[in-house]
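Reader: I'd like to learn how to read the packing in a new model. Could you walk me through it, one feature at a time?

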Amino acid sequence: MSLISNTNLSDKGVTVVLGSQWGDEGKGKLVDIIAQEADICARCAGGNNAGHTIFANGIKYDFHLIPSGLINPKCTSIIGSGVVVHLPSFFAEIEDLESRGLQTDGRILVSDRAHLVFDFHQIVDGLKEVELGNSSIGTTKKGIGPAYSSKASRSGLRVHHLSNLQTFEQKFRRLVENRRKRYGNFEYDVEAEIGRYKQYAIRLKPFIIDSVLYMHKNINARQKVLVEGANALMLDLDFGTYPFVTSSNTAIGGVLTGLGIPPSKIEKVIGVVKAYTTRVGSGPFPTELLDATGDHLQHAGAEFGTTTGRKRRCGWLDLVLLKYSTLINGYTSINLTKLDVLTNLPEIKVATAYLLNGEPLESFPADLDELEKITVHYETLSSWNTDISKCRYFKDLPVNAQRYVKMIEEYLNVPVEWIGVGVGRDDMIDLKLENYIDQPSSV
């Protein structure tokens, strides 16, 4: 029997799960756990560049575009208006999930305002990376950035455009022609793509809804609504390490604009924090480890991308970054993941300050040139050599692991509500199950 509590979702408003670092924190696992009590699980931003791996009932599920709450047979998954949708990948993902035993009929709905990602967007994505050369962003080349670019330039096509194929065809031809003027006459079969989308239009029709109306009806009916964030705060278009970011708003603001709900409807914001730090692709990484410890974190933590298979860069936990993330997203609690990966290390370091010319910075800097010049101040903690994967209560953790958790809480002034200690669904400590605050003074 699972020890996971069933009181994690608010019945007064929306519960949001967001990545607090550079992504890959383990959001999908928490969403899977608390979605067992959800009526609706919604995505608000990003596309199939996101990747969530979930192990449940002895089966591995890889989610990219579809919200991972789908594992709960009573939960409806919503792809909101802020998401960009590549239909071939959408249908391929459904087929893969069904092959693993999930029933999807009537349980996946797509906003009529969501923008479409086309194959030419993926071609353009690769051309943009080549154009940038040594300054390339390191995108997944899934066409997400170019699709959002089309959206921002007001030339993009949305799901509802598929209801009028004549208009769709005209707009589509114009869109491809504009991109060819910008990137040259790249090879692309326009006629074949139009033919495919005429078939997709028929196939997609049962999935399409007015998501704004749907969300508000269900929120007002006191349904339990869970929002699954994609990517993470440090990849946010405005607040991340720009330009080494994704092309959407991955912070709390993206929840509002990507689903059409007001701030007053949000009750809980859960920040998912990996017990160390990782990122993929290019860009600054102040606590990155390029030594044997970094290799240990990469292999012990299985740090390879769900979507791309790329190795993730690994480093120590960065509390300066997390403080900045907390300011923006306003986490009401934290899910600390992969604490077990730190087992058997000689020591553990945690970044607690950035120094520039010997003076501490007040926050995470916007200027990446400035970020390159900082010195990271670390605090060193003792590790533990006890297997913690079977721990289900905070008091069962080694004292040094408890101290690590408490340090994070105290620095961020946000309670840790869950602690991940393994890859499985039940490998999670739910701190609401015990009054761990009254631990012995030695903790």
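**Cores, a central strand and aromatic rings**

Author: Happily. This is a predicted model, and the largest nonpolar core makes a good start: among its 80 residues, Val255, Leu339, Leu342, Leu397, Tyr404 and Ile419 touch the most other members. Helix α12 (residues 399-412) gives this core its largest share, 6 residues. A second, separate core has 40 residues, including Phe91, Ala114, Val159 and Tyr197.

Reader: Which residues does isoleucine 419 touch, leaving out those up to four places away in sequence?

Author: In general, nonpolar side chains of soluble globular proteins tend to be buried together. Here, the contacts of isoleucine 419 include Leu336, Leu339, Phe394, Leu397, Val405, Met428, Ile429 and Leu431, and also Asn335 and Asp427.

Reader: Next, strand β15. Are its two faces covered or open?

Author: The general idea is that side chains in a regular strand alternate between the two faces of the sheet. In β15, Ser333, Asn335 and Thr337 lie on one side, Ile334 and Leu336 on the other, and all are buried. Because 5 of the 5 residues of β15 (residues 333-337) are buried, the strand is largely enclosed by the rest of the structure.

Reader: Which strands pair with β15?

Author: Strand β11 (residues 266-274) runs parallel to β15, joined by 5 bridges; valine 272 has asparagine 335 as its bridge partner there. Strand β19 (residues 416-420) also pairs with β15 in the parallel sense, over 3 bridges, with valine 416 as the partner of isoleucine 334.

Reader: How should I read the aromatic pair of phenylalanine 118 and phenylalanine 120?

Author: A pair of aromatic rings is described by the distance of the centres and the angle of the planes. The search finds 20 aromatic pairs in the whole structure. Phenylalanine 118 and phenylalanine 120 are stacked, at 5.9 Å centre to centre with 10° between the planes. Phenylalanine 118 also pairs with phenylalanine 168: their centres are 6.1 Å apart and their planes at 50°, so this pair is tilted. That pair links distant parts of the chain, 50 residues apart: phenylalanine 118 is in the loop between β8 (115-116) and α3 (119-132), phenylalanine 168 in helix α5 (residues 165-183).

Reader: What larger cluster do the ring pairs build?

Author: Ring pairs link a cluster that includes Phe90, Phe91, Phe118, Phe120, Phe168 and Tyr197. One of its rings, that of phenylalanine 91, has the charged end of arginine 203 sitting over it, 4.0 Å from its centre.

Note on methods:
Residues are numbered from 1 along each chain as its sequence is written. This is a predicted model: local features need pLDDT of at least 70, side-chain atom pairs count only at pLDDT 80 or more; totals for chains, interfaces and linings use all residues. Side-chain values use heavy atoms; hydrogens and water are left out. A nonpolar core is a set of buried Ala, Val, Leu, Ile, Met, Phe, Trp, Tyr and Cys residues joined through side-chain atoms within 4.5 Å. Buried means under 20% relative accessible area, exposed over 50%, partly exposed in between (1.4 Å probe, protein chains only). Helices (H or I, at least four residues) and strands (E, at least two) are DSSP runs, numbered from the N terminus. Contact means heavy atoms within 4.5 Å. Two strands pair if DSSP finds at least two bridges between them. Rings of Phe, Tyr and Trp (its six-membered ring) pair if their centres lie within 6.5 Å; planes under 30 degrees apart count as stacked, over 60 as edge-to-face and the rest as tilted. A charge sits over a ring if NZ of Lys or CZ of Arg is within 6 Å of the ring centre and within 35 degrees of the ring normal.
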